[in-house]
Amino acid sequence: MDSSSRGYSEQQIENNRFRVQFSGNSLTDRKTVETYLLYRAAELTKLNGYDHFRVVHRDTDAESRMVPIGGGAYTPFYDHFYLDYYYYGSRASYYRRPYGPDPFWPRWGYYDPYWGPAQYRESTRYMASAEILMGKGPKPDDAAYFDADQVLMNLSGSIVRPEA
């Protein structure tokens, strides 16, 4: 997932059925991602002239990776070094000698994984998705249905819009 895929997206499936997604960045926690998804579902419901919506299917995915943090020796080659077992072992590219005679290349070539940052942290991004079915009139007495006006009113204080 790249940086352009963060935020809202939706796809109309039928006149009253949508697939809605919200993707956060590594600083957005799971609860926030799920709150923004619910808020967007309520917005879409009102924008399309409906009063309530039902969550037919809902899912939240997490994508985790290890990223370097401070420490370690300076290296222009490993500023964005990620843990990857390709760099280790006898077939790793730092054992190769591509430029002819160099007494230090087989051991200390620029692919040496121990030359990079010494510390890492786990970075996780969440993406919530839901399929919603919209309806008009009073909300049915079922926990799977949401009144769009109430969702917008109750969640609007926790929604931060990006600056234009």
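Two strands are taken to pair where DSSP finds at least two bridges between them, and strands (E, at least two residues) and helices (H or I, at least four) are DSSP runs numbered from the N terminus. On this basis, 5 strands of the predicted model form an open antiparallel sheet in the order β1-β2-β4-β3-β5. Its edges are β1 (7-14) and β5 (145-147), each of which pairs on one side only. From one strand to the next, the twist averages 35°. Within the sheet, β3 (residues 52-69) and β4 (residues 119-135) run antiparallel and are joined by 17 bridges; in one of the pairings, Thr 60 of β3 has Ala 128 of β4 as its bridge partner.

Two helices pack on this sheet, with contact meaning heavy atoms within 4.5 Å. Helix α1 touches β1, β2 (17-23), β3, β4 and β5, and its direction makes about 25° with that of β4. Helix α3 (residues 148-155) touches β3 and β5, at about 65° to the direction of β5. Axes here are lines fitted to C-alpha atoms, for helices over the stretch in contact, and angles run from 0 to 180 degrees between N-to-C directions.

Of the 18 residues of α1, 13 are buried (under 20% relative accessible area; exposed is over 50% and partly exposed lies in between, with a 1.4 Å probe and protein chains only). The largest nonpolar core, a set of buried Ala, Val, Leu, Ile, Met, Phe, Trp, Tyr and Cys residues joined through side-chain atoms within 4.5 Å, has 24 residues, among which Phe 53, Ile 132 and Met 134 touch the most other members. Two or more residues come from each of β2, α1, β3, β4 and α3, and α1 gives the most, with 8.

Aromatic pairs, 4 in number, are rings of Phe, Tyr and Trp (its six-membered ring) with centres within 6.5 Å; planes under 30 degrees apart count as stacked, over 60 as edge-to-face and the rest as tilted. Tyr 8 and Tyr 36 are stacked, because their centres are 6.5 Å apart and their planes are at 25°. This pair ties β1 to α1, with Tyr 8 partly exposed at 30% and Tyr 36 buried at 10%. Phe 53 and Phe 146 are likewise stacked, with centres 5.2 Å apart and planes at 15°; Phe 53 is buried at 0%.

Residues are numbered from 1 along each chain as its sequence is written. Local features need pLDDT of at least 70 and side-chain atom pairs pLDDT 80 or more, totals for chains, interfaces and linings use all residues, and side-chain values use heavy atoms, without hydrogens and water.
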